[in-house]
Amino acid sequence: MPLPAAAGSHHTVWVNQPGGVAHPVLYAVDGDRLVCFGDGDLASVPDGARVSASIHEIAGGPAVANFGASFRQVTPASISADALLELLAHVALGRSLDEVETHLAEQRAERRIIELVP
C-alpha cells in the first residue's frame, strides 16, 4: 500500500500502539518509505507491531491523514543521508563538514530508525 499523499508535505506523525498513548515524532520520506526515530517515546514499541498513525501539520491542528501501519526497524545504512538530515533538521550537527559527517555517523550507529509501513 502506498504512503498517504499528505506524507510528502508534512513533518509530524502521531504514532499510537494499541492500548498506548499517541506520541508525535518527526518523520522523513525516504523514497517510498516513511521513516522516523523509534527510540525515546517509541522505544517500547516492538519491531513488527501494528500501530495507528496520523499525519498533522507541524504546529498541530487536525489530522490530514490517518492510517494503520506496521512498525518495522530498518538498518541504519538503508536510510539515505537526506532522510537522516531531515530527521535531524532541528539538531546542530557541527561547525564543519567533518563534524557534521561524524555526527551523522554517530546518529546512524546509536539511534533506532523505523519505517511505518501502511
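**Exercise 1. Find the residue of strand 6 that is the bridge partner of Ser 70, and describe how strand 6 is paired.**

*Solution.* Start with the single bridge: in this predicted model, Ser 70 has Val 117 of strand 6 as its bridge partner. Next, widen the view to the strands. Strand 5 and strand 6 are antiparallel and share four bridges. Then turn to strand 3, which also pairs with strand 6 in the antiparallel sense, over four bridges. Here Leu 34 stands opposite Leu 116 of strand 6.

**Exercise 2. Decide whether Glu 115 is buried or exposed, and list what Glu 115 touches.**

*Solution.* First, locate the residue: Glu 115 sits in strand 6, which covers residues 113-117. Second, apply the cut-off. Buried means under 20% relative accessible area, and Glu 115 has 9% relative accessibility, so it counts as buried. Third, look at the contacts beyond four places in sequence: Glu 115 meets Arg 33, Leu 34 and Val 35, as well as Ser 70, Phe 71, Arg 72 and Val 74. Finally, put Glu 115 in the setting of its strand. Four of the five residues of strand 6 are buried, and therefore the strand is largely enclosed by the rest of the structure.

**Exercise 3. Work out the order of the strands in the closed barrel.**

*Solution.* Begin with strand 1 and strand 2, which pair antiparallel over four bridges; Val 15 is opposite His 23 of strand 2. These two strands form a hairpin with six residues between them, and Gly 19 in the turn has a positive phi of about 80 degrees. On to strand 4: five bridges join it to strand 1, again antiparallel, with Thr 12 and His 56 as bridge partners. Strand 4 is also joined to strand 5, by seven bridges and in the antiparallel sense; one of the partner pairs is Ala 53 with Phe 67. Adding the pairings of strand 6 with strand 5 and with strand 3 brings you to the full picture: a closed barrel of six strands in the order 1-2-3-6-5-4. On average, and ignoring direction, neighbouring strands of this sheet are turned by 45 degrees against each other.

**Exercise 4. Identify which elements build the largest nonpolar core.**

*Solution.* The core holds 18 residues, and those with the most contacts inside it are Val 13, Val 15, Leu 34, Val 51, Ile 55, Phe 71 and Leu 116. Two or more residues come from each of strand 1, strand 2, strand 3, strand 4, strand 5 and strand 6. Strand 5 gives the largest share, four residues. Apart from this core lies another one of 13 residues, including Phe 37, Leu 87, Leu 104 and Ile 113. To see one member of the largest core up close, take Val 51: its contacts beyond four places in sequence include Val 15, Phe 67, Phe 71 and Leu 116.

**Exercise 5. Show why the buried residues of helix 2 line one face.**

*Solution.* Check the helix first: helix 2 spans residues 97-110, and its 20 Å reach from first to last C-alpha is close to the 20 Å expected. Now list its buried residues, which are Val 100, His 103, Leu 104 and Gln 107. Seen down the axis, the buried residues of helix 2 fall within an arc of 100 degrees, so they line one face. They pack against strand 3 and helix 1. The face turned away from the buried side carries the exposed residues Asp 98, Ala 109 and Glu 110.

Note on methods: Residues are numbered from 1 along each chain as its sequence is written. This is a predicted model: local features need pLDDT of at least 70, side-chain atom pairs count only at pLDDT 80 or more; totals for chains, interfaces and linings use all residues. Side-chain values use heavy atoms; hydrogens and water are left out. Buried means under 20% relative accessible area, exposed over 50%, partly exposed in between (1.4 Å probe, protein chains only). Contact means heavy atoms within 4.5 Å. A nonpolar core is a set of buried Ala, Val, Leu, Ile, Met, Phe, Trp, Tyr and Cys residues joined through side-chain atoms within 4.5 Å. Two strands pair if DSSP finds at least two bridges between them. The expected span of a helix is 1.5 Å times one less than its number of residues. The arc is that of the directions from the helix axis to the C-beta atoms. Axes are lines fitted to C-alpha atoms, for helices over the stretch in contact, and angles run from 0 to 180 degrees between N-to-C directions.
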